[in-house]
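Here's a quick walk through some helix packing, written for someone who likes to check geometry against coordinates. Open the structure alongside and follow along.

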Amino acid sequence: MEHSGLTTAQVNQAREQYGGNSLSERPRRRFLSVLAENLSDPIIRILLAALGVNIALWFRAFEWYESLGIAVSILLSTLVSSISERGSEQAFARLQTELTSVSCRVRRDGETLEIPHAQVVVGDVVLLQAGERIPADGFLVEGELSLDQSALNGESREAKKRAGRECAKPDFLDSSSLFRGAVVCSGEGVMRVTKVGDHTVYGALAAELQERTRESPLKVRLGVLARTISRLGYGAAVLVGLADLFESIVLASHWNPILIETILTTPTLVLTKLLHALTLAITVVVVAVPEGLPMMITVVLSANMRRLLRDQVLVRRLVGIETSGSLNLLFCDKTGTLTSGKLSVVSFWDGSGREYDPARLKKTKLGIRYAVSCFYNNQSSLSKGKPVGGNATDRALLASVWKLPREYMGWQVLERVPFDSIRKFSAVRLRESDGSVRTLTKGAPEILLPRCRWYLDEEGTKRPLSQQTVRACLARHTGSGLRVLCLTEDGDTLIGLVGLRDPLRKSTPEAVQQLHTAGVQVVMITGDNEETACAVARAAGVWDGTREGVLQASVLDRLSDEELKSRLAKLRVIARAQPGHKSRLVRIAQEMGLVVGMTGDGVNDAPALKIADVGFALGSGTEVAREAGDIIILDDNVRSIARAVLYGRTIFKSIRKFIVFQLTMNLCAVGVSVAAPMIGIDTPITVIQMLWVNIIMDTLAGLAFAGEPPRRETMQEAPKKREEPVFNRTMLGQVLVMGGYAMLLNLGFLKSGWARAQFGFTENPVYFLTCFFALFIFTAVSASFHIRTPRIRIFSGMWRNPSFMLIMLLVALVQTLMIYVGGPLMRTTALTGRDLGAMALLAMTTAVPSTVYKLRQRYVNKKAAAANAAAGKIR
């Protein structure tokens, strides 16, 4: 059974005992069940109740426009959420697709068969060669392989595997253990399968992908908002209903006890009064509900999704944008995110410790010897001027080599010794054009340096080598995060030391600083050793050099959850990290109430990407990772993550502005609707006019506020807490001030004797009510400008959101057209230019309460800032 493989009977027995190589799939939710679940959203429940009430009231007043608006809002918001959530389950489906589409070669019954990965069983003997994918977990029993395990452990460095025995606790560093999902880069070998299906490392990742994620911060906040609106709406409805009963029974009877008693003892009259009060109360609830909110959220998220795409950020789930703005903690990969993801040669030193820049080295004879060594002792090759094949180190060395002079080309390779993780070097024997033979070696300094007695100077002349000098040079630079290789000639002559680094992106330090300023803790996760990890983290600005900021994965494994929680606030670097660490870190941080982001590009990252509040998948990563992430960073750059945070905060501010505007105008509309009948005007606004009002308050206002641009000062604010309500006391104050003034202004116009006399209330009621309709709409337009910005100058930054001005000008223009051509349908008549201008000027008086409120708020904020600063000094 050693290399003949299993027999058919043994295959069946293994499958029965250990199971097959398929990944278990939990029952997937049907789209309709996801849709039904989203209909239970708190805001949606309020809208459904309002829709039901509206339909019930059709028999009294056929206000179909309100019902249609609410229904459309419910449909759009739930459909978008359901489609987005359904899409998150595609990551597991992608894993299954990859599994069924790949086959492998196995030995069974003494023959070589090609079978799908899903049919592999424990005990199978699998034949492997370059380009093939490992079908299951096991160990190498014959041959040598170079593997790409980056999809599993996130490390771009190829792993060398050689034949050995089964390891009791296999890991990625073990020299003979093989793991499902890794790809063979070079070599040939034979493996024996020890684990299949859900029991493999790959299977464990797949199981995590099927876990449900927690609610987004936006959904939590909207739930709080729904409860607030419910309490306010129901409270207002009760008060209005009681006020209406009091007015229709007590005030209408002029406090006459006999008339009051007559009404109360007449069942038909009591029923009529109660029905009127109930209808009015229900109307207040319906009008008070911001039915445009779900639609506006969808609009603002979609609009910013398009903007983010221009900044190399592709949003897969709309809610992921807003959640980015609430990040407290970002777990960030080193390779490819903070760094460029490509090794390159950055330094070269000769045996005297002298450093050469590339331009100078190229002009020396020593440079020629360096170029020859890199060119011939290399398993990569040039294709169209670019290195291809080989490992990352070989490609980096070949890329650093300039074109060799003609006399150095065409040398014959007599023998080649490939790199081996045991030997830790590679070598090549060459026959030069003059017939002489030369041996070139490259590898680990600790292996090659002790053999060297000479070094080559700038002119290529041999000089005696001082081991003390060269080792001091080596120690100096390995501590700076460089990977140092040694190049030798003929075994005893040092050509030089080569420093390679995956360099930081130029934008990384600035982006990390932006995130720190925004209150986002950045933790770098890497598989590198602690020394290299700390050097990169310090250069990136992630780590300030404090000892407690660094944690080895081996130490992390020994910490209990409570111990890890106590250290998390100071944590900045995690070295030698393995796949399972990411998911644990996300879980721990979420238990502490933090909003967590995670970057990733491999299959191993997919579970953590999914359970994080925001999963940032790298555009160069695997398809599985991109399916699991909420946001795809197309350029793999941490700067783009900072932009996503900025846009997320901008979106939250836009949503808040829209809520203030809606509730301001709702308060005005409710107040006017309730109070107008008491001053002798039953229908100050008709059904058709209210339809136009709803279009302004919902659709057009949503589009206007959705265009608000991101502002840099937003990144200087602290992150919002996950449970922080979307509607706070500051907003309530603004709604009461602006909405209260708008209501008093419009009611004052309806009640004022001056207005009634000036605009013909008695002689031409339609003219008077047209003036009121214009005043109401212009008040809404004016209020929107003041709500858009916290600054006194309402046009500040308007040029960055031209759509706001265009939409509000459109509203004013359409309103003017309605006045002059609306006729009986809109219950309007042509106004004189003087009267139309008077309504516009009256509406602009909203600047007075707005300015007073903003000045007071500015004073309160300065006082609070001073108090916080004083408290900080005392501490």
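In this predicted model, helix 19 and helix 26 cross in a left-handed way. Their axes sit 8 Å apart and make an angle of about 25°. With under 35 degrees as the cut-off for roughly parallel, that makes helix 19 roughly parallel to helix 26. On the helix 19 side, Thr508, Ala511, Gln514 and Leu515 make the contact, and helix 26 brings Val638, Arg639, Ala642 and Val645. Sorted by class, the residues of this contact are five nonpolar, two polar and one charged.

Helix 26 covers residues 638-675, and it also packs against helix 28, residues 729-751. Here the angle is about 35°, again with the axes 8 Å apart, and the crossing is right-handed. Among the helix 26 residues involved are Arg656, Ile659, Leu663, Leu667 and Ala675, which belong to a set meeting helix 28 residues that include Met731, Val735, Gly739, Met743 and Leu747. The class tally for this contact is 15 nonpolar, six polar and one charged.

Next along the line comes helix 28 against helix 30. The two axes come within 10 Å and cross at roughly 165°, and the two helices are therefore roughly antiparallel to each other. This crossing is right-handed. Helix 28 uses Gln734, Met738, Ala742, Leu745, Asn746, Phe749 and Leu750, while the helix 30 residues include Phe768, Phe772, Phe776, Thr779 and Ile787. The tally is 13 nonpolar and four polar, with no charged residues.

Side by side, the three pairs look like this:

| Helix pair | Angle between axes | Axis distance |
|---|---|---|
| Helix 19 and helix 26 | about 25° | 8 Å |
| Helix 26 and helix 28 | about 35° | 8 Å |
| Helix 28 and helix 30 | roughly 165° | within 10 Å |

Now zoom in on one residue of that last pair. Is threonine 779 buried or exposed? It counts as buried, because its relative accessibility is 0%. Threonine 779 lies in helix 30, residues 765-788. Leaving out neighbours within four places in sequence, threonine 779 touches Ala742, Leu745, Asn746, Ala843 and Thr846. Ala742, Leu745 and Asn746 are also listed on the helix 28 side of the contact with helix 30. There's a long-range pairing here too: the C-alpha atoms of threonine 779 and methionine 839 are separated by 8.8 Å, with their positions 60 residues apart along the chain.

Back towards helix 19, there's helix 20 to look at. Eight of its eleven residues, in the stretch 530-540, are buried, so helix 20 is largely enclosed by the rest of the structure. The buried ones are Glu530, Thr532, Ala533, Cys534, Ala535, Val536, Ala537 and Ala540. What do these residues pack against? Helix 13 (334-338) and helix 19 (508-517) are on the list, along with strand 21 (521-525), strand 22 (550-552) and strand 23 (573-575). Right after helix 20 comes glycine 541, with a positive phi near 85°.

Finally, the whole chain. The protein chain has 34 helices and 26 strands, and 53% of its 875 residues count as buried. Take the contacts between residues at least 6 apart in sequence: 71% of them join residues at least 24 apart. The accessible surface comes to about 39,000 Å², and carbon and sulfur atoms account for 59% of that.

Notes. Residues are numbered from 1 along each chain as its sequence is written. This is a predicted model: local features need pLDDT of at least 70, side-chain atom pairs count only at pLDDT 80 or more; totals for chains, interfaces and linings use all residues. Side-chain values use heavy atoms; hydrogens and water are left out. Buried means under 20% relative accessible area, exposed over 50%, partly exposed in between (1.4 Å probe, protein chains only). Helices (H or I, at least four residues) and strands (E, at least two) are DSSP runs, numbered from the N terminus. Contact means heavy atoms within 4.5 Å. Axes are lines fitted to C-alpha atoms, for helices over the stretch in contact, and angles run from 0 to 180 degrees between N-to-C directions. Angles under 35 degrees count as roughly parallel, over 145 as roughly antiparallel, 65 to 115 as roughly perpendicular and the rest as oblique. A crossing is left-handed if the near helix is turned anticlockwise from the far one by less than a right angle, and right-handed if clockwise. Ala, Val, Leu, Ile, Met, Phe, Trp, Tyr, Cys and Pro count as nonpolar, Asp, Glu, Lys and Arg as charged, and the others, Gly among them, as polar. Accessible areas come from the Shrake-Rupley method with a 1.4 Å probe; for residues, only the protein chains shown count as cover.
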